[in-house]
Amino acid sequence: MVYKPPYEIVKVVNQAGLVKARMGLTKTLIMGFLAGAFVAFGGLLAIMVGGGIPAIKSANPGLQKFIFGAVFPVGLMLVVIAGAELFTGNTAVSIPGVLSGRIRWFGWLKNLTLSYSGNLAGSLFVAYFLAYQSQLFNSEPWLSFVINISQEKVSHHFGVLLLRGVGCNWLVCLAIWLAIASDDVAGKILGIWFPIMAFVALGFEHSIANMFFIPLGIYCGAQVSWYQFLIVNLIPVTLGNIIGGSFFVGVIYWFIYEYKDKLDQSL
């Protein structure tokens, strides 16, 4: 299986970041919509499979978390292989180019804003039409599972959600790095699966996934308000995702393979 070494990954990331920064408004919004929908598809599958095994959850909650996490990565596989604009991945992909001066800060921020907006639209579309209106989870044990997910996600304070957001997007962006490292589809799928399974099973928080999980719970009768979704959960998780992706992946790998290499060569 052919793969790129880390310094080659950064070169490919720089090219991808430049394309994202130059992408037009309409295309970014549409591609963002697709990414939000794709992540929501992963959430749909995770609920159907992981939420349908209450006996395993009560007897072995770790195994249930693993099963839930094992099927969720289909969302990022669709984003990376089919092509879409995912806010969380974009926090890291353009950073090396920004720090090296190839990409303007405005281009990076524009891409993040538009992809985030499109992700929200796609996530809400799937949550309302393909999950709630299609009555996929109207019966037990899925209904209680959906409601519990939504209520649990707004039950933590700001600091907890911020840190869980950092851990999540550190792993998500590493999954993208591993996908870029591979030159074939099988390698990309394998590279994506492990980090995404890990963040979900660990209970970290992904802002775009929460755009699906929490509204779906609200539609299904969870005791959660839109204020709690947007302010209590989404703001700290989004900030944590930005830190986890942009600093712990984008900045660090830029420092190691661009800044540090150039500094060493000049000495």
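Helices α2 and α12 are oblique to each other, since they pack at an angle of about 55° and only angles under 35 degrees, over 145 or from 65 to 115 fall into another class. The model is predicted. The points below treat the packing of α2, the buried side of α4, the contact of α1 with α10, and several individual residues.

**Helix α2 against helix α12**

- Helix α2 spans residues 25–50 and helix α12 spans residues 207–219, and their axes are 8 Å apart.
- The crossing of α2 past α12 is right-handed.
- On the α2 side, the contact is formed by Gly 36, Val 39, Ala 40, Gly 43, Leu 44 and Ile 47.
- On the α12 side, the partners are Ile 208, Ala 209, Phe 212, Phe 213 and Leu 216.
- By residue type, this contact of α2 with α12 comprises nine nonpolar and two polar residues, with no charged residue.

**Helix α2 against helix α4**

- The axes of α2 and α4 cross at roughly 150° and come within 8 Å.
- Here too the crossing is right-handed, with α2 passing α4.
- Helix α2 contributes Gly 42, Leu 45, Ala 46, Ile 47, Val 49 and Gly 50, which meet Gln 64, Ile 67, Phe 68 and Val 71 of α4.
- The contact of α2 with α4 divides into seven nonpolar and three polar residues, and no charged residue takes part.
- Ile 47 appears in the contact with α12 and also in the contact with α4.

**The buried side of helix α4**

- Helix α4 covers residues 61–71, and its buried residues are Gln 64, Phe 68 and Gly 69.
- These buried residues lie on the same side of α4, because they cover an arc of only 130° around the axis.
- An α-helix has 3.6 residues a turn, so residues three or four places apart point the same way.
- The cover over the buried residues of α4 includes α2, α3 (54–59), α9 (142–153), α11 (185–202) and α12.
- Two of the buried residues, Gln 64 and Phe 68, are among those that meet α2.

**Helix α1 against helix α10**

- Helix α1 (residues 6–22) packs on helix α10 (residues 158–181) at an angle of about 100°, with the axes 9 Å apart.
- That angle makes α1 roughly perpendicular to α10.
- Ile 9, Val 12 and Val 13 of α1 make the contact with Trp 177, Ile 180 and Ala 181 of α10.
- The residues of this contact of α1 with α10 comprise six nonpolar, no polar and no charged.

**Ser 123 in helix α8**

- Ser 123 is found in helix α8 and counts as buried, at 0% relative accessibility.
- Leaving aside neighbours within four places in sequence, Ser 123 is in contact with Gly 36, Ala 37, Ala 40, Ile 208, Met 211 and Phe 212.
- Of these contacts, Gly 36, Ala 40, Ile 208 and Phe 212 also belong to the contact between α2 and α12.
- Ser 123 and Ile 208 are 85 residues apart in sequence, and their C-alpha atoms are 7.3 Å apart in space.

**Partly exposed residues: Gly 83 and Trp 193**

- Gly 83 lies in helix α5 (residues 74–83) and counts as partly exposed, at 23% relative accessibility.
- Not counting residues up to four places away in sequence, Gly 83 touches Met 31, Phe 38 and Leu 78.
- The C-alpha atoms of Gly 83 and Tyr 219 are separated by 29 Å, and the two residues are 136 residues apart along the chain.
- Trp 193 belongs to helix α11 and is partly exposed, with a relative accessible area of 22%.
- With residues up to four places away in sequence not counted, Trp 193 touches Phe 66, Ala 70, Pro 73 and Met 77.
- Trp 193 and Ala 21 are 172 residues apart in sequence and 27 Å apart in space, C-alpha to C-alpha.

**The loop between α8 and α9**

- Gln 135 is placed in the loop between α8 and α9.
- Phi of Gln 135 is near 60°, a positive value in a residue other than glycine.
- Gln 135 counts as exposed, at 52% relative accessibility.
- Pro 141 is found in the loop between α8 (105–132) and α9.
- Glu 140 and Pro 141 are joined by a cis peptide bond, with omega about 5°.

How values were computed
Residues numbered from 1 in each chain as written. Predicted model: local features only at pLDDT ≥ 70, side-chain atom pairs only at ≥ 80, totals over all residues. Heavy atoms only, no water. Axes fitted to C-alpha atoms, helices over the stretch in contact; angles between N-to-C directions. Helix = DSSP H or I, 4+ residues; strand = E, 2+ residues; numbered from the N terminus. Left-handed = near helix turned anticlockwise from the far one by under 90°. Contact = heavy atoms within 4.5 Å. Nonpolar A, V, L, I, M, F, W, Y, C, P; charged D, E, K, R; others polar. Buried < 20%, exposed > 50% of the residue type's maximum accessible area, 1.4 Å probe, protein only. Arc of directions from axis to C-beta.
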